[in-house]
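This briefing is for a reader new to the structure shown below. It takes up confidence, then the sheet, then one strand residue, then the cores.

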Amino acid sequence: MHSSRSPRRPLFTAVTALALAVAAAALGLGPTGPAAAVEPAAGAAAVTFSDDFDGAAGRPVDSSRWQIETGDNVNNHERQYYTAGSNNAALDGQGHLVITARKENPGNYQCWYGRCEYTSARLNTAGKFTTRYGHVEARMKVPRGQGMWPAFWMLGEDLGQVGWPASGEIDIMENVGFEPSTVHGTLHGPGYSGAGGIGAGYTLPGGQAFADAFHTFAVDWSPGRITWSVDGTVYQTRTPADLGGRAWVFDKPFFLILNLAVGGYWPGDPDGSTAFPQQLVVDHVRVTTSDGPGAAGPITGIGGACVDVAGANTANGTPVQLYGCNGTGAQQWTVGTDGTVRALGKCLDVTSAGTADGTPVQLWDCNGTAAQRWTANAARDIVNPQSGKCLDATGNSSANGTRLQIWTCTGAANQKWTVTR
């Protein structure tokens, strides 16, 4: 990251969270017994945000989810003026939000450098939605050209009280036009902001450009850990250990931001090669989290034994097993509406994304891949859709240390599970 993304003025004050309670439909609280159905767990609520941008062409974004910022941004020396309404941010009637940057100034807008040369849009969820932890993703197609700077990012809801960078900033995706094949994910906080941000880039293979197709940009965020991915491929994980003793300011609520900037310190200004208008096309934005208080509980199987992370070890590859229920964190699982099953800040994962009978399951960094997706049916099977196979206790055993695996669904007792809250 080569430039700060500080706000133009203290716009975001008194931010409050919008909690959208939904049933944990993927896995629920089921009564015991081999014929019992899996039912939604009362109290196993997940805080979610979802916008698929459905609506008639030309309509503005949903004002219950988003607010539109206006003005310029001297901090980054960006060249655009962000306009209100649907002038530069509108639905296309095909399930997309289109943020359009134009070389124009119909309103005689004034920028830090004089009469503005470009218009664009910046949206945020401040005062409407915040989240602390979870899976945060957007599927987008970015613009192309020198000087283009699209971004999907988050700021701490306490921005108006503590200022930037003490508020913290999580850049989920930034792209600058002179790097058509690369996106960046970055953390900013006190002592590591602007060009000193902590992050990494992800480059498409074979010279592909991000502007050529839609891609999904995401973070999986848990206490003390943030993991970035593109199309399910993880390219970096950050923890407090990466900050050299500086403050980790990411265990609190944040709000979302989408914008398309034109010019600035990092991307440089447009030049004669830059065609206008340019568009950031957003297919969806989704947030799923079930790691909040009260959302965790045991999953029990054959013989009443609990699904357990061996040794309560958080290392990638730690076996997931059956063990006598003991109430520890190694047996407290959250079930997300995104299909993930999580404990200790990581996901239940099919080893190497295998699909063969007997492939063991393990704990792994959440990465959005099909190896970490699970669904439940009325017969209390827990199924990995990628393989079409069931979570299974090896050897039909309930002994302590019995390794869990995937196996062809048989309806046997060692494939029946109950989530309790």
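This is a predicted model. Its pLDDT averages 86 over the protein, and 86% of the residues score at least 70. Two stretches with low scores are listed next, followed by the parts of the fold.

**Confidence**
- Residues 1–45 have a pLDDT that stays under 50. In the model, this stretch has 139 contacts beyond four places in sequence.
- The pLDDT is also below 50 over residues 290–294. For residues 290–294 the model has 12 contacts beyond near neighbours in sequence.

**The sheet**
- Seven strands form an open sheet, in the order E3-E10-E19-E12-E13-E14-E15, and their pairing is antiparallel.
- Strand E3 (67–69) and strand E15 (198–203) are the edge strands, and each of them pairs on one side only.
- From one strand to the next, the twist averages 15°.
- Strands of a sheet can pair in parallel or antiparallel fashion, through backbone hydrogen bonds.
- Within this sheet, strand E12 (residues 148–156) and strand E13 (residues 169–174) run antiparallel and are joined by 5 bridges.
- Across this pair, Leu155 stands opposite Glu169 in E13.

**Glu69 in an edge strand**
- Glu69 belongs to strand E3, which is one of the edge strands of the sheet.
- Is Glu69 buried or exposed? Its relative accessible area is 9%, under the 20% cut-off, so Glu69 counts as buried.
- The side chain of Glu69 makes a polar contact of 2.9 Å with the side chain of Arg122.
- A polar contact, also of 2.9 Å, links the side chains of Glu69 and Asn124.

**Nonpolar cores**
- The largest nonpolar core has 52 residues. Which of them touch the most other members? They are Ile170, Phe250 and Val285.
- Strand E19 (residues 254–262) supplies the largest share of this core, with 5 residues.
- A second core, separate from the largest one, has 25 residues, among them Trp333, Ala343, Ala371 and Trp374.
- Leaving aside residues up to four places away in sequence, Val285 touches Phe49, Ser50, Asp51, Phe53, Trp66, Glu137, Ala138, Phe152, Leu256 and Leu258.
- Some of these partners of Val285 lie in strands named above: Phe152 falls within strand E12 (residues 148–156), and Leu256 and Leu258 fall within strand E19 (residues 254–262).

Technical notes:
Residues numbered from 1 in each chain as written. Predicted model: local features only at pLDDT ≥ 70, side-chain atom pairs only at ≥ 80, totals over all residues. Heavy atoms only, no water. Pairing = 2+ DSSP bridges. Helix = DSSP H or I, 4+ residues; strand = E, 2+ residues; numbered from the N terminus. Axes fitted to C-alpha atoms, helices over the stretch in contact; angles between N-to-C directions. Core = buried A, V, L, I, M, F, W, Y, C linked by side-chain atoms within 4.5 Å. Buried < 20%, exposed > 50% of the residue type's maximum accessible area, 1.4 Å probe, protein only. Contact = heavy atoms within 4.5 Å. pLDDT = per-residue confidence, 0-100. Polar contact = N/O pair within 3.5 Å; in protein donor to acceptor, adjacent residues only side chain to side chain.
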